[in-house]
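I opened the notebook to record what I looked up in this model, going from the whole chain down to single residues. The entries below keep to what I could read off.

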Amino acid sequence: MSTENASSDTGGTPDDHGTLYVVGIGPGLPDHMTAKAKQVIESSEVVIASSLYQEFLRDDGTLLPEEETDEDGIAVRDDGFEQEIVRSTMGRQIELARAAFDYVREGKDVAHVSGGDPSVYGKSDLIFKMAEEEDATDVPIEIVPGITAALGGSANVGAPLCNDFCTISLSDKWRGWDEIEEKLRAAAISDFVIVLYNCWRNYEQAVEIVREERTDDAFVAIVNDAGREDAGRNGESEFVTTLGEAADHDDKVSGMGTSLIIGNHETETWRNDDRTYLVTPRGGRDVDDF
């Protein structure tokens with residue numbers, strides 16, 4: 001495509017620009033990725049993704065196999081479409097955001113891949129912040145949503161999020177612990193079902209704070225790698241316990257792929273012959289109330 005600084009007849013984004021897609025792939029396996037996410041990744045001239053997400057996308061054929069990609073990250077499909085695969089790491093986020101803007105200005109569509117949903121502790125905010133800092137208002141940005149851990153984990157354990165809920169990240173990289181503690185306490189007092197992200201940080205401390213405002217018999221689900229089967233870092237699993245005993249099960253909290261779902265006073269268990277599920281009623285407890 002031409003890289004001249006042409007603009008459309010109606011103004012706004014130059015005609016020769018591509019689009020920067022921030023793409024949520026959910027847990028990363030094809031069954032839990034939207035058709036749009038797959039289409040955008042397949043059709044973008046540049047794909048920015050971590051090694052783990054590249055592995056997932058190659059396994060299902062969304063990206064060409066690594067052996068068909070040259071040392072510069074270039075892969076050419078049978079139809080002649082050329083795609084550049086760029087490895088993303090936490091330490092390169094700012095650098096890669098700038099690079100993405102440059103690719104778009106060259107006329108290329110860019111798929112910047114995020115696990116889960118890009119706007120739930122993902123990459124969306126950084127992209128917009130960088131666009132502001134770099135004066136990149138000429139760059140079209142589109143967010144492609146994905147299944148976040150709260151939704152994937154909830155599905156694995158039944159229906160715990162059928163009433164009001166909130167998500168809280170336990171990572172103190174961006175927020176001080178005092179602020180996190182304040183949010184935990186407010187959520188507990190307000191009787192939200194609470195989904196905790198980044199549970200490798202301070203999870204026992206978070207549980208103790210919630211216990212101060214909520215009864216110990218409130219149900220808790222510890223969910224690992226929801227939707228990833230055996231492809232995640234530690235394998236997909238779920239374990240139902242109570243708030244009073246949750247901190248005793250640190251062996252179930254395996255790292256970045258772990259989330260905790262803390263039920264409210266209405267959350268109850270539902271059992272069949274094989275599993276225990278959690279259910280938080282939407283309103284009335286009786287079927288006739290629906």
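The entries that follow go from the chain to its domains and then to chosen residues.

**Entry 1, the chain as a whole.** I note at the outset that this is a predicted model. I looked up the secondary structure and found eight helices and 14 strands in the chain. The C-alpha atoms fill a box of roughly 65 × 40 × 40 Å along the principal axes. Of the 290 residues in the chain, 45% are buried, and the chain exposes about 14900 Å², with 45% of that area supplied by carbon and sulfur atoms. I also looked at how far along the sequence the contacts reach: among those between residues at least 6 apart, 69% join residues at least 24 apart.

**Entry 2, charges.** I counted 25 positive and 61 negative charges in the chain, and the mean positions of the two sets are 3 Å apart.

**Entry 3, the two domains.** Which stretches does the domain assignment give? Domain 1 covers 20-147 and domain 2 covers 150-279, and the contact between them takes 11 residues from domain 1 and 13 residues from domain 2. Their C-alpha centres lie 29 Å apart. I then looked up the area buried between domain 1 and domain 2, which is about 920 Å², with carbon and sulfur atoms giving 63% of it. On the domain 1 side, Pro27, Leu29 and Tyr121 supply 48% of the area buried against domain 2, more than any other three residues.

**Entry 4, Arg228.** I looked next at Arg228, which has its place in the loop between E10 and E11. Leaving out residues up to four places away in sequence, Arg228 touches Gly26, Pro27, Leu29, Leu52, Tyr53, Phe56, Arg233 and Glu236. Two of these, Pro27 and Leu29, I had already written down among the residues that supply the area domain 1 buries against domain 2. Is Arg228 buried or exposed? Its relative accessible area is 8%, so Arg228 counts as buried.

**Entry 5, two aspartates with positive phi.** Before going on I reminded myself that most residues other than glycine have a negative phi. Asp225 has a positive phi of about 50 degrees although it is not a glycine, and Asp135 has a phi near 55 degrees, likewise a positive value in a residue other than glycine. Asp225 sits in the loop between strand E10 (219-224) and strand E11 (237-242), while Asp135 is found in the loop between helix H4 (124-133) and strand E6 (141-144). I then checked their accessibility: Asp225 is buried, with a relative accessible area of 2%, whereas Asp135 is exposed, with a relative accessible area of 59%.

**Entry 6, Thr241.** Thr241 lies in strand E11. What does Thr241 contact, once its neighbours within four places in sequence are left aside? I found Ala218, Phe219, Val220, Ile222, Ala246 and His249. Thr241 has 6% relative accessibility and therefore counts as buried, the cut-off being under 20%.

**Entry 7, Gly24.** Gly24 is in strand E1, residues 20-24. With a relative accessible area of 1%, Gly24 is buried. Apart from its neighbours within four places in sequence, Gly24 is in contact with Ala37, Ser114, Gly116, Pro118, Val144, Pro145 and Gly146. I also looked up Thr34, which is 10 residues from Gly24 in sequence, and the C-alpha atoms of the two are 8.7 Å apart.

**Entry 8, Ile143.** Ile143 lies in strand E6. Leaving aside neighbours within four places in sequence, Ile143 is in contact with Val22, Pro118, Ser119, Ser124 and Phe128; Pro118 is also one of the contacts I listed for Gly24. Asp117 is 26 residues from Ile143 in sequence, and their C-alpha atoms are 9.2 Å apart. Why did I enter Ile143 as partly exposed? Its relative accessible area is 28%, which falls between the 20% and 50% cut-offs.

**Entry 9, Gly176.** The last residue I looked up was Gly176, in the loop between strand E8 (165-169) and helix H6 (177-189). Gly176 is partly exposed, with a relative accessible area of 42%. Gly176 and Ala187 are 11 residues apart along the chain, and their C-alpha atoms are separated by 17 Å.

Methods:
Residues numbered from 1 in each chain as written. Predicted model: local features only at pLDDT ≥ 70, side-chain atom pairs only at ≥ 80, totals over all residues. Heavy atoms only, no water. Helix = DSSP H or I, 4+ residues; strand = E, 2+ residues; numbered from the N terminus. Buried < 20%, exposed > 50% of the residue type's maximum accessible area, 1.4 Å probe, protein only. Contact = heavy atoms within 4.5 Å. Areas by Shrake-Rupley, 256 points an atom, 1.4 Å probe, with all protein chains shown as cover. Lys, Arg positive; Asp, Glu negative; His and termini not counted. Charge placed at Lys NZ, Arg CZ, Asp CG, Glu CD. Domains from an automatic or database assignment. Buried area = accessible area lost by both parts, 1.4 Å probe.
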